[in-house]
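Got your viewer open? Let's take a walk through this structure, one selection at a time.

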Amino acid sequence: MITIHHLGISQSDRIVWLMEELGLPYELKWYHRRTEDNFLPAEYLALHPAATAPVITDGDRTVAESAAIVEYICHRYGDGRYTVRPDQPEYPDYLYWMHFNNNVLGLFIAQLALGVAAPGPDADRVRSLVQRREDNYYRYLEQRLGEVPYLAGSEFTCADVMVTFNLTSIPLFGGRSIDGMPNTEAYVKRISSRPAYIKAMSIAGPGAKPPG
């Protein structure tokens with residue numbers, strides 16, 4: 001059985017969501033950030049050399065990185081559900097949106113760093129570059145969701161599992177809001193009504209509490 005090593009309020013909640021969509025059994029193991037600095041606890045850091053969330057274990061196999069995990073689960077245990085094959089016409093769109101998460105998350109982290117950077121022309125140039133890239137990413141997102149109901153096309157896929165965190169959880173930490181993006185707001189509402197999403201967020205979402 002797959003064990004999801006869940007760090008509260010983190011990207012690991014999307015793995016719980018995927019398992020609920022697929023109807024697969026799993027064990028959820030909670031970890032708590034250190035109270036003094038909000039950093040990962042030592043037992044979580046020991047799970048994988050990259051020391052990032054999410055992490056799953058499947059027998060003696062440990063898998064990290066969200067995109068790798070969702071593909072691993074879908075292909076190994078879900079008969080390829082929620083993925084798009086290379087021979088399907090939607091495959092390029094699927095690939096793009098599967099990797100959108102890391103692009104946007106990287107910009108968010110860059111903005112956090114710039115927020116504490118010393119003022120000066122170099123920092124201003126980088127800040128302008130980051131802002132321009134973020135604007136373009138979200139502009140394309142809004143355009144895409146005005147054309148199709150889901151990011152890879154007409155069907156829900158892992159690309160939606162990957163991107164939704166950026167639209168719902170990152171704003172909780174000061175990241176970009178989707179206010180004023182009607183297509184994206186409608187998309188999040190549509191995603192948020194899925195029974196598996198509702199259940200997963202009650203178990204492991206930002207407002208969830210560990211059992212016991």
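Before the first stop, a word on terms: helices and strands here are DSSP runs, at least four residues for a helix and at least two for a strand, and they are numbered from the N terminus. Also keep in mind that you are looking at a predicted model.

**Stop 1: the whole chain**

Start with everything shown as a cartoon. How many helices and strands are there in the chain? You should find eight helices and four strands. Trace the chain along its sequence and you get the pattern β-α-β-α-β-β-α-α-α-α-α-α. Of the 212 residues in the chain, 46% are buried. Now switch on the surface: about 10800 Å² is exposed, and 55% of that comes from carbon and sulfur atoms. If you take the contacts between residues at least 6 apart in sequence, 64% of them join residues at least 24 apart.

**Stop 2: threonine 3**

Select threonine 3, which sits in strand S1, residues 2–7. Is threonine 3 buried or exposed? Its relative accessibility is 11%, so threonine 3 counts as buried, the cut-off for buried being under 20%. Show the side chains of threonine 3 and glutamate 27, and you can draw a polar contact of 3.3 Å between them. Leaving out residues up to four places away in sequence, threonine 3 touches Glu27, Lys29, Val55, Ile56 and Thr57.

**Stop 3: histidine 32 and glutamate 43**

Next, pick histidine 32, in the loop between strand S2 (26–31) and H2. With residues up to four places away set aside, histidine 32 touches Leu7, Pro41 and Pro210. Try the distance tool here: the C-alpha atoms of histidine 32 and isoleucine 9 are 9.6 Å apart, while 23 residues separate the two along the chain.

Follow the loop into helix H2, residues 42–45, and select glutamate 43 there. Glutamate 43 has a relative accessible area of 48%, so it is partly exposed. From glutamate 43 to tyrosine 31 is 8.2 Å, C-alpha to C-alpha, and 12 residues in sequence.

**Stop 4: helix H1**

Select residues 13–22 to see helix H1. How many of the residues of H1 are buried? The count is 10 of 10, so this helix is mostly covered. Trp17 and Leu18 are among the buried ones, and so are the charged residues Asp13 and Arg14. Just after H1 comes glycine 23, with a positive phi near 70 degrees.

**Stop 5: helix H6**

Now select residues 158–168, which is helix H6. Why is H6 described as largely enclosed by the rest of the structure? Because 10 of its 11 residues are buried. Those buried residues of H6 include Cys158, Met162 and Phe165. Look at the start of H6 too: a side-chain oxygen of threonine 157 comes within 3.1 Å of the backbone nitrogen of alanine 159.

**Stop 6: H1 against H6**

Keep both helices on screen. Two packed helices are described by the angle between their axes and the distance between the axes. For H1 and H6, the axes come within 10 Å and cross at roughly 145 degrees. The crossing is right-handed. On the H1 side, the contact is made by Asp13, Arg14, Trp17 and Leu18. On the H6 side, show Cys158, Asp160, Val161, Met162, Thr164, Phe165 and Asn166. Color these by class and you get six nonpolar, two polar and three charged residues.

**Stop 7: H6 against H7**

Add helix H7, residues 182–192. The axes of H6 and H7 come within 11 Å and cross at roughly 115 degrees, and this crossing is left-handed. From H6, Asp160, Thr164, Leu167 and Thr168 meet Thr184, Tyr187, Val188 and Ile191 of H7. By class, that makes four nonpolar, three polar and one charged.

**Stop 8: threonine 164**

Finish by zooming in on threonine 164 in helix H6. With a relative accessibility of 1%, threonine 164 counts as buried. Its side chain reaches the backbone oxygen of aspartate 160 at 2.7 Å. Which residues does threonine 164 touch, not counting those up to four places away in sequence? They are Trp17, Tyr187, Ile191 and Tyr197. You have met Trp17 in the contact of H1 with H6, and Tyr187 and Ile191 in the contact of H6 with H7.

Technical notes: Residues are numbered from 1 along each chain as its sequence is written. This is a predicted model: local features need pLDDT of at least 70, side-chain atom pairs count only at pLDDT 80 or more; totals for chains, interfaces and linings use all residues. Side-chain values use heavy atoms; hydrogens and water are left out. Buried means under 20% relative accessible area, exposed over 50%, partly exposed in between (1.4 Å probe, protein chains only). A polar contact is a pair of N or O atoms within 3.5 Å; within protein, one must be able to donate a hydrogen and the other to accept it, and residues adjacent in sequence count only if both atoms are side-chain atoms. Contact means heavy atoms within 4.5 Å. Axes are lines fitted to C-alpha atoms, for helices over the stretch in contact, and angles run from 0 to 180 degrees between N-to-C directions. A crossing is left-handed if the near helix is turned anticlockwise from the far one by less than a right angle, and right-handed if clockwise. Accessible areas come from the Shrake-Rupley method with a 1.4 Å probe; for residues, only the protein chains shown count as cover.
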